[in-house]
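Student: Could you take me through one part of this model up close? I'd like to follow a helix and the charged side chains around it, one step at a time.

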Amino acid sequence: MSAVPSTKTTGLEAGVVTGSDYLALVKACKDGGYALPAVNVVNTHGCNAVLEAAAAAGSDVIIQLSGGGAQFFAGKGIKDSEQAKVLGAISAARHVHTVAKAYGVCVVLHTDHANRKLIPWVEGMIAASEEEHARTGRPLFSSHMLDLSEEPIEENLAECARILKRLAPIDMSLEIELGVTGGEEDGVGQDVDQIDNSKLYTQPEEVMRAHELLSPIGHFSVAAAFGNVHGVYKPGNVVLRPEILAHSQELAQKTLGGADKHFDFVFHGGSGSEKAKITEAVSYGVFKMNIDTDTQFAFAEAVGKYVEENERAFKYQIDPESDKPYKKQYDPREWLRKGEVSVVERLKQAFDDLGSTGKSLAG
């Protein structure tokens, strides 16, 4: 698959971006009216497929892990699951740092939803990045997320401030969540029907409170709820209202003056969303859209099709009737590659929907 010609006007070094380079990437997205897909991964195959897709699209990209995804990356055989979450995240980060530059695009390394019980995971990763920063001048990750949206807002913001005070000195950003994204993401969250509807829509005043407390400490982005749902749900369960984001930007403009898009917004639950709603959300300052369910299905669908087409190869090493050896068919490189290619194709659509195709800053 040939790469899409780039239309970038400024250059960053290809590979993982942190600190000022990360902030430059966020600014370029907002100024350019596009956003980047943030793709959850659980193994090197996922990382490589995301990088391949970004290179083919000529777009920068965000790779992220949930706590469960990080644990799987390290291996389910590690008995200490908390240790595995930290080790898996570090392993994934080192893998991406090692190979990302070869794909010729800029990559943001991020971790996804961490509620209160996962704060030790976040702190374990921060400790690793503090060591890395002391040794190399750069952290392992670009940013982490705290999802304390189910807590009272005072507790949410106070804990976010505490964590950001550790991240800022090592050139890292924090993503916070205000309001509740419906659905469940790897053990974090709850069913849409169990959530007070008012919490599905973040209030502008809440975003301003976050700004007042956190902006003096360091950079943060906001996963503001505007009816988002994790996974793919039957239409009609909730209604996406991207104008909620516009109201927050309008309040900031009225209060603070200056830029018309003060806040760096994140779109959670991007799988299955309408193109028009994605475009509208991006126009209000969304620079990042999470996608997980759709890429999981893309991988599974392709592998499932391959298994159906080569059914006997997954039952016999040598066909008992024809004596045909099936090693080439059941070789993991064959069917895993089918999944990777399918993910690349699905992400092509995501880059196009978000307007980032051909806009990589790497150069």
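Tutor: Sure, and let's start with a term we'll need: a residue is buried when its relative accessible area is under 20%, exposed when that is over 50%, and partly exposed in between. Keep in mind that this is a predicted model.

Our part is helix H12, which covers residues 332-354. Look at Glu-340 and Arg-337 here: both sit in H12, three residues apart, or about one turn of the helix. Their side chains make a salt bridge, with the closest N and O atoms 3.1 Å apart. Glu-340 has a relative accessible area of 10%, so this residue is buried. Arg-337 comes out at 34%, so Arg-337 is partly exposed. Glu-52 joins in as well: salt bridges with shared partners connect Glu-52, Arg-337 and Glu-340 into one network.

Now slide along to Asp-353, also in H12. Asp-353 is buried too, but has no salt bridge. The nearest side chain of opposite charge belongs to Lys-275, 4.9 Å away. A salt bridge needs the nitrogen and the oxygen within 4 Å, so Lys-275 doesn't make one with Asp-353. Leaving out residues up to four places away in sequence, Asp-353 touches Lys-275, Ile-278 and Thr-279.

H12 also has a helix partner. The axes of H10 (residues 293-309) and H12 come within 8 Å and cross at roughly 140°. That angle is why H10 counts as oblique to H12. The crossing is right-handed. Residues making the contact include Ala-298, Phe-299 and Tyr-306 from H10, and Trp-335, Glu-340 and Leu-347 from H12. So Glu-340 turns up in this contact as well as in the salt-bridge network.

For some context, the whole structure has 20 salt bridges. One of them pairs Lys-101 with Glu-13 at 2.7 Å, N to O. Lys-101 is in the loop between helix H4 and strand S4, while Glu-13 is in the segment before strand S1, so this pair ties together parts that are 88 residues apart in sequence. Another joins Arg-116 and Glu-151, whose closest N and O atoms are 3.4 Å apart. This pair links distant parts of the chain, 35 residues apart: Arg-116 lies in the loop between S4 and helix H5, and Glu-151 in the loop between strand S5 and helix H6. With 24% relative accessibility, Glu-151 falls in the partly exposed range, and so does Arg-116 at 36%.

Conventions:
Residues are numbered from 1 along each chain as its sequence is written. This is a predicted model: local features need pLDDT of at least 70, side-chain atom pairs count only at pLDDT 80 or more; totals for chains, interfaces and linings use all residues. Side-chain values use heavy atoms; hydrogens and water are left out. Helices (H or I, at least four residues) and strands (E, at least two) are DSSP runs, numbered from the N terminus. Buried means under 20% relative accessible area, exposed over 50%, partly exposed in between (1.4 Å probe, protein chains only). Lys and Arg count as positive and Asp and Glu as negative; His and the chain ends are not counted. Contact means heavy atoms within 4.5 Å. Axes are lines fitted to C-alpha atoms, for helices over the stretch in contact, and angles run from 0 to 180 degrees between N-to-C directions. Angles under 35 degrees count as roughly parallel, over 145 as roughly antiparallel, 65 to 115 as roughly perpendicular and the rest as oblique. A crossing is left-handed if the near helix is turned anticlockwise from the far one by less than a right angle, and right-handed if clockwise.
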